[in-house]
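Please find below a short note, set out as numbered points. It is meant to be read with the model open alongside.

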Amino acid sequence: MQPIDPEVLGYIAILLKICNTAVLNFAYCSALCQDCPNRQEIQGMLKQVQKLLSAHEASCLQSLRNLRKKINLLQSGTGKQTAKSTNSTCPKLDAPINGRKLGKSHGVGHEVHFLCDPGYEIVGSESRVCQESLTWTGQQPTCRDFNECASSPCLNGGTCVDEVNQFSCVCAKGWAGETCQSPVPTFFITTTNTSAGSTLAASTLPAATTGAYVRPSRCTIVQGTTHCTCEPGYTISGRDSYSCTDIDECELFHNGPAGKLCLHKCVNTPGGYRCSCPAGYNVTRDGRSCKDIDECATRQNNCTNDQMCVNTYGGFQCVRVDCPKIPHATYVKTSPMRCERTPCPLDNKACSQTPTSFSYHYLAVVSNLSAPRVMFRVSALRQLGDTLRFTLLGGRQARRHFTVQRSDRQTGQLMLVSPVQGPTTLEAEVEMSELERRVQLGRYITKITMFVSQYEF
C-alpha cells in the first residue's frame with residue numbers, strides 16, 4: 001500500500017480543524033443563549049451564529065473541493081504508473097513480406113529473429129532485442145528477391161533464367177548440362193558424288209606418300225573421270241587428290257561453334273581423337289568427361305594412422321585433429337572430429353566463459369563454384385535456453401567469402417557468397433551461443449575447412 005501524500009493529509013487536518021471550530025462555537029453560543037434576558041437578544045445571537053456557521057460551511061466546502069482534486073490527481077498518477085508497469089513491453093513487430101518471425105515474447109531483454117522464404121534474402125536486422133527504453137534495436141528487415149543469376153552460373157555463352165530458389169540455363173548451340181558445361185558431340189560425314197548408273201572400273205594409280213597422319217585415297221574411274229575418297233577422319237589434301245590428311249578434331253571443335261570435344265584436354269590421333277584428364281581423375285565411360293579418383297577409399301594415399309584421409313577433387317589431404325589449448329579450460333577428444341571441455345570448477349568463471357565444444361569438418365569443392373550456396377548447417381539437437389545466436393568468426397578473408405544466416409529457430413547455415421578460384425584452402429568458424437535471459441549457457445564452435453580444387457569439374 002502506497003503512503004498518503006503529505007499535502008492530502010494537510011487538507012484533511014485543516015478540514016477537521018474548521019469543522020471542530022464550528023461545533024465548539026455553536027455549543028458556546030447555545031450556552032450563552034440560555035442566559036439571554038429577552039427574545040430580541042436571542043434573535044441577535046442566532047443571527048451571529050448563522051453567519052458564523054455559513055462562513056465555516058463555505059470554508060469546509062472549499063477544503064473539500066481542494067481535497068477531492070488532490071485525490072483525483074493521485075488516482076490518475078497511480079493509474080498511469082500501473083499501466084506503465086503492466087505494459088513494459090516493446091511494440092509488436094510484424095513478419096516481413098515473403099518471410100517469417102521467430103519469437104513471441106516482446107518483453108525487455110527478449111530477442112526476435114527474422115527469416116526469408118526460399119528465393120529471398122534478408123535486408124536489415126536478422127535479430128532485434130527489446131531494450132529498457134521499450135524500443136527495438138536494429139532496423140525492421142525486408143525480404144528481397146534473390147537473383148540466382150547474379151553470379152553468372154551458366155557457362156559457354158549460356159543464358160541464365162532466374163527462378164524461385166533456383167535457376168536454369170538455356171545453353172548455346174553445341175553445349176548441354178545443368179550449367180552448359182558439357183559440349184555436344186557433332187559428327188561429320190564426307191560424301192563424294194558419283195554418277196548414277198555409271199559403270200565403276202577399278203584402276204591402279206600411283207602410290208602416295210603414306211604415314212600415321214597421311215594415307216592414300218581410294219580412287220575409281222567412272223567413264224573416264226577419276227573420283228577419290230578418304231577414310232573417316234581424313235580429308236583430301238589440297239590439289240593432291242591421291243593423298244588423305246588427318247583431320248585435327250581437337251582444333252576444329254575448339255574453334256568451332258560447337259565448342260570443345262573434351263571436358264579437360266583433347267588429344268588428336270590418326271583418324272580421330274581421345275580425351276585425357278589431369279592427375280587424380282579418370283576418363284568416364286562416355287570418353288569425354290572426367291571423374292575424381294577417391295584416393296581415400298582406394299587406399300591410394302600416404303596418410304599415417306594418427307591422420308584422417310580427406311578426399312578432394314583431384315587429390316587428397318591428410319588431416320589431424322588436435323584439441324585446442326585455451327587458458328582456464330581443458331579439452332578432451334570425444335570423437336575423431338569433436339573436442340569437449342571438461343567440467344569447470346564452480347568458482348572458475350573464466351572457465352565457464354570458454355567454448356563448450358569444438359567440431360571439425362572438411363569439405364571438397366570445385367573451383368569457381370556458383371554462389372550463393374549453402375555449404376554447411378549448424379543445428380541444436382535440444383535447446384536449453386530461450387535464445388540461440390549464430391555468429392561467423394574469423395578475419396576478413398572468411399567474411400569475404402562467407403556469411404551466416406538462420407534457416408529456422410534452431411539452425412544456422414554457412415553461405416558461400418562469392419565464387420572461389422582454386423586451388424586454395426578456405427577456413428570458417430561458426431559459433432552457436434545458447435542464452436537464457438541474456439545469460440550465456442554455452443558456446444559451441446564449428447570449424448569448417450574447404451579444399452578448393454584447381455578445376456571446375
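Is Tyr 281 buried or exposed? With a relative accessible area of 6%, Tyr 281 is under the 20% cut-off and therefore counts as buried. The points below come from a predicted model.

1. Aromatic pairs. There are five aromatic pairs in the structure. In one of them, Tyr 281 and Phe 457 have ring centres 5.1 Å apart and planes at 65 degrees, so this pair is edge-to-face. Tyr 281 belongs to strand 18 (residues 281-283), while Phe 457 sits in the segment after strand 30, so the contact ties together parts 176 residues apart in sequence. Phe 457, at a relative accessible area of 17%, is buried. Tyr 281, Phe 457 and Tyr 455 make up one aromatic cluster.

2. A second ring pair. What is the geometry of the rings of Tyr 331 and Phe 358? Their centres are 5.4 Å apart and their planes stand at 75 degrees, so the pair is edge-to-face. Tyr 331 is found in strand 22 and Phe 358 in strand 24, so parts 27 residues apart in sequence are tied together. Tyr 331 is buried, its relative accessible area being 8%. Phe 358 is buried as well, with a value of 6%.

3. The sheet of six strands. Strands 22 and 24 belong to an open sheet of six strands, whose order is 22-23-24-30-29-26 and whose pairing is mixed. Its edges are strand 22 (331-335) and strand 26 (387-393), each of which pairs on one side only. On average, neighbouring strands in this sheet are turned by 25 degrees against each other, direction ignored. Strand 24 (residues 357-365) and strand 30 run parallel and are joined by nine bridges. Within that pairing, Tyr 360 has Lys 447 of strand 30 as its bridge partner.

4. Salt bridges between strands 29 and 30. Lys 447 also takes part in a salt bridge: its side chain meets that of Glu 429 at 3.5 Å, N to O. This pair links distant parts of the chain, with Glu 429 in strand 29 (residues 424-436) and Lys 447 in strand 30 (residues 439-452), 18 residues apart. Glu 429 is partly exposed at 26% relative accessibility, and Lys 447 is partly exposed with a relative accessible area of 26%. Another salt bridge joins Arg 443 to Glu 431, with the closest N and O atoms 2.8 Å apart. Arg 443 is in strand 30 and Glu 431 in strand 29, so this pair ties together parts 12 residues apart in sequence. Is Glu 431 buried or exposed? Its relative accessibility is 11%, so Glu 431 counts as buried.

5. Other salt bridges. How many salt bridges does the structure hold? The total is nine. Side chains of opposite charge can pair when their charged atoms come close. Another example is Glu 340 with Arg 338, where the closest N and O atoms are 2.9 Å apart. Glu 340 is partly exposed, with a relative accessible area of 31%, and Arg 338 is partly exposed at 26%. Elsewhere, Arg 215, Arg 218 and Glu 231 are linked in a salt-bridge network.

6. The sheet of three strands. A further open sheet has three strands in the order 1-2-4, and the pairing is antiparallel. Which strands form its edges? They are strand 1 (99-102) and strand 4 (127-129), each pairing on one side only. The average turn between neighbouring strands of this sheet is 20 degrees, direction ignored. Strands 2 and 4 run antiparallel and are joined by three bridges. His 113 stands opposite Ser 127, which lies in strand 4.

7. Glu 111. This residue is located in strand 2 (residues 111-116). Glu 111 is buried, its relative accessible area being 11%. Which residues does Glu 111 touch, not counting those up to four places away in sequence? They are Arg 128, Val 129, Thr 387 and Arg 389. The side chains of Glu 111 and Arg 389 are joined by a polar contact of 2.7 Å. For orientation, residues 387-393 make up strand 26, an edge of the sheet in point 3.

Methods
Residues numbered from 1 in each chain as written. Predicted model: local features only at pLDDT ≥ 70, side-chain atom pairs only at ≥ 80, totals over all residues. Heavy atoms only, no water. Salt bridge = Lys/Arg side-chain N within 4 Å of Asp/Glu carboxyl O. Buried < 20%, exposed > 50% of the residue type's maximum accessible area, 1.4 Å probe, protein only. Helix = DSSP H or I, 4+ residues; strand = E, 2+ residues; numbered from the N terminus. Pairing = 2+ DSSP bridges. Axes fitted to C-alpha atoms, helices over the stretch in contact; angles between N-to-C directions. Polar contact = N/O pair within 3.5 Å; in protein donor to acceptor, adjacent residues only side chain to side chain. Contact = heavy atoms within 4.5 Å. Phe/Tyr/Trp six-rings, centres within 6.5 Å; stacked < 30°, edge-to-face > 60°.
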